[in-house]
Amino acid sequence: MSFLLITSVYGASSFADSIDAAELKLNIKELVLTQWASLEQRTDAQSKVEITGLPDGYKSQRCHQGLQVKANKQLTIGRNSIQVSCPNKSSWSLILIAKIEVWRSVVVIRDHLARSERIQASSLTLQQRDIGSLQRGYFTSLAEVAGNISKRSLKAGTALSPSMVELPIIIRRGQAVTLRVERPGFAVNMKGIALKKGRKGDVIKVKNSSSNKVLFGTVIHSDLVSVN
C-alpha cells in the first residue's frame with residue numbers, strides 16, 4: 001500500500017534560518033490535516049490534529065526546500081506515527097506522533113435513564129464528541145433513538161451506542177394479529193394469533209386462526225405480521 005506524501009514549499013527569501021517547536025508543530029499539523037482531508041469523507045465532522053514528540057525548546061533549520069510529512073501507515077483516527085523530514089543540504093528527519101480527532105454531533109441523553117425505560121425525544125440532545133472514543137458506535141439522529149428502550153441504567157451525558165438500546169416489544173404472545181401474504185400483484189390478509197412476542201423486524205411464530213396452521217412471519221407493526 002502506498003501512502004500520501006505531502007510537501008509544503010517555503011521560499012528561502014521569506015524565512016529566517018531557524019524555526020522553533022511551536023511553529024514547526026503548526027506547519028506539520030496543517031500538512032497532516034490536508035492529507036487527512038483527502039481520506040475523511042464525513043462532511044458533518046470537524047477534524048483536529050495534535051502533534052507530540054517535539055521538546056518545547058526544540059529548534060531546527062528552516063526547511064526552504066519543502067517540509068515533507070509521511071505517515072508510516074495510512075492515517076486513521078487516533079495515534080499515527082509520522083516521519084517529518086527536510087531535503088535541505090543539511091537535511092534532518094524526525095519521528096513524531098500525530099493524534100487525529102474527529103468530532104461529530106452525536107446523540108446524548110439529558111437525564112438518567114432506568115433499565116427498560118422507553119426513551120423520549122425530550123430526553124435526548126446532540127453534542128459534539130470525539131468519535132474515536134466511541135468504540136461501540138453512536139447515533140447521529142434523535143429519530144434513530146426516540147421510542148427505543150434502554151437495555152440498562154444510563155447516566156446523564158452518556159453518548160448512546162446501539163448496544164445500549166433496543167426496539168420496544170410491539171407484539172405480545174397470544175395477541176390477535178393480522179397475517180398478510182403478499183405476492184406480485186396481490187395481497188391477502190388473514191386473522192391470526194402471535195405465538196411469540198416480537199419487536200419490529202423480528203421473525204416470530206404465528207398461527208392462522210382459520211386453519212390452525214403454524215407459520216413464521218416478520219413483525220411489521222403492532223398488529224401486522226408478514227408471512228411467506
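Is arginine 173 buried or exposed? In this predicted model, arginine 173 is exposed, with a relative accessible area of 67%. We'll come back to its surroundings after a look at the whole chain.

**The overall picture**

The protein has 17 strands and 1 helix. It doesn't behave like a ball: the radius of gyration is 28 Å, where a compact globule of 228 residues would come out near 17 Å. The box around the C-alpha atoms tells a similar story, at roughly 90 × 45 × 25 Å along the principal axes. Of the 228 residues, 36% count as buried. The accessible surface adds up to about 13,300 Å², and carbon and sulfur atoms own 49% of that. As for how the chain meets itself, take the contacts between residues at least 6 apart in sequence: 55% of them join residues at least 24 apart.

**Four residues side by side**

Here is where four residues sit and how much of each is accessible.

| Residue | Location | Relative accessibility | Class |
|---|---|---|---|
| Asparagine 80 | strand S6 (residues 78–86) | 5% | buried |
| Glutamate 101 | strand S7 (residues 92–109) | 18% | buried |
| Proline 162 | loop between S9 (149–150) and S10 (165–166) | 41% | partly exposed |
| Arginine 173 | loop between S11 (169–171) and S12 (176–183) | 67% | exposed |

**Asparagine 80 and glutamate 101, in the strands**

Asparagine 80 counts as buried because its relative accessibility is 5%, and buried means under 20%. Its side chain reaches the backbone oxygen of glycine 78 at 3.0 Å. Setting aside residues up to four places away in sequence, asparagine 80 touches Gln74 and Leu75, plus Leu96, Ile97, Ala98 and Ile100. Those last four fall in a stretch that belongs to strand S7 (residues 92–109), which is also home to glutamate 101.

Glutamate 101, at 18%, counts as buried too, since the cut-off is under 20%. Its side chain makes a polar contact with the side chain of tryptophan 103, at 2.8 Å. Beyond its neighbours within four places in sequence, glutamate 101 is in contact with Gln46, Ser47, Lys48 and Asp130.

Two of these partners also meet one another. What sits over the ring of tryptophan 103? The charged end of lysine 48 does, 4.7 Å from the ring centre. So lysine 48 touches glutamate 101 and also has its charged end over tryptophan 103, by the 6 Å limit to the ring centre used for such pairs. How many aromatic pairs turn up in the whole structure? The search finds 0.

**Proline 162 and arginine 173, in the loops**

Proline 162 lies in the loop between strands S9 and S10 and is partly exposed at 41%. Leaving out neighbours within four places in sequence, proline 162 is in contact with a run of residues: Arg136, Gly137, Tyr138 and Phe139. Proline 162 and arginine 180 are 18 residues apart in sequence, yet their C-alpha atoms are 30 Å apart in space.

Back to arginine 173, in the loop between strands S11 and S12. Its side chain reaches the backbone oxygen of leucine 195 at 3.5 Å. Not counting residues up to four places away in sequence, arginine 173 touches Ala194, Leu195, Lys196 and Lys197, so leucine 195 appears both as a contact in the 4.5 Å sense and as the owner of that backbone oxygen. Over a longer reach, 80 Å separates the C-alpha atoms of arginine 173 and aspartate 17, which are 156 residues apart along the chain.

Technical notes. Residues are numbered from 1 along each chain as its sequence is written. This is a predicted model: local features need pLDDT of at least 70, side-chain atom pairs count only at pLDDT 80 or more; totals for chains, interfaces and linings use all residues. Side-chain values use heavy atoms; hydrogens and water are left out. Helices (H or I, at least four residues) and strands (E, at least two) are DSSP runs, numbered from the N terminus. Buried means under 20% relative accessible area, exposed over 50%, partly exposed in between (1.4 Å probe, protein chains only). A polar contact is a pair of N or O atoms within 3.5 Å; within protein, one must be able to donate a hydrogen and the other to accept it, and residues adjacent in sequence count only if both atoms are side-chain atoms. Rings of Phe, Tyr and Trp (its six-membered ring) pair if their centres lie within 6.5 Å; planes under 30 degrees apart count as stacked, over 60 as edge-to-face and the rest as tilted. A charge sits over a ring if NZ of Lys or CZ of Arg is within 6 Å of the ring centre and within 35 degrees of the ring normal. The radius of gyration is taken over C-alpha atoms; the globule rule is 2.2 Å times the number of residues to the power 0.38. Accessible areas come from the Shrake-Rupley method with a 1.4 Å probe; for residues, only the protein chains shown count as cover.
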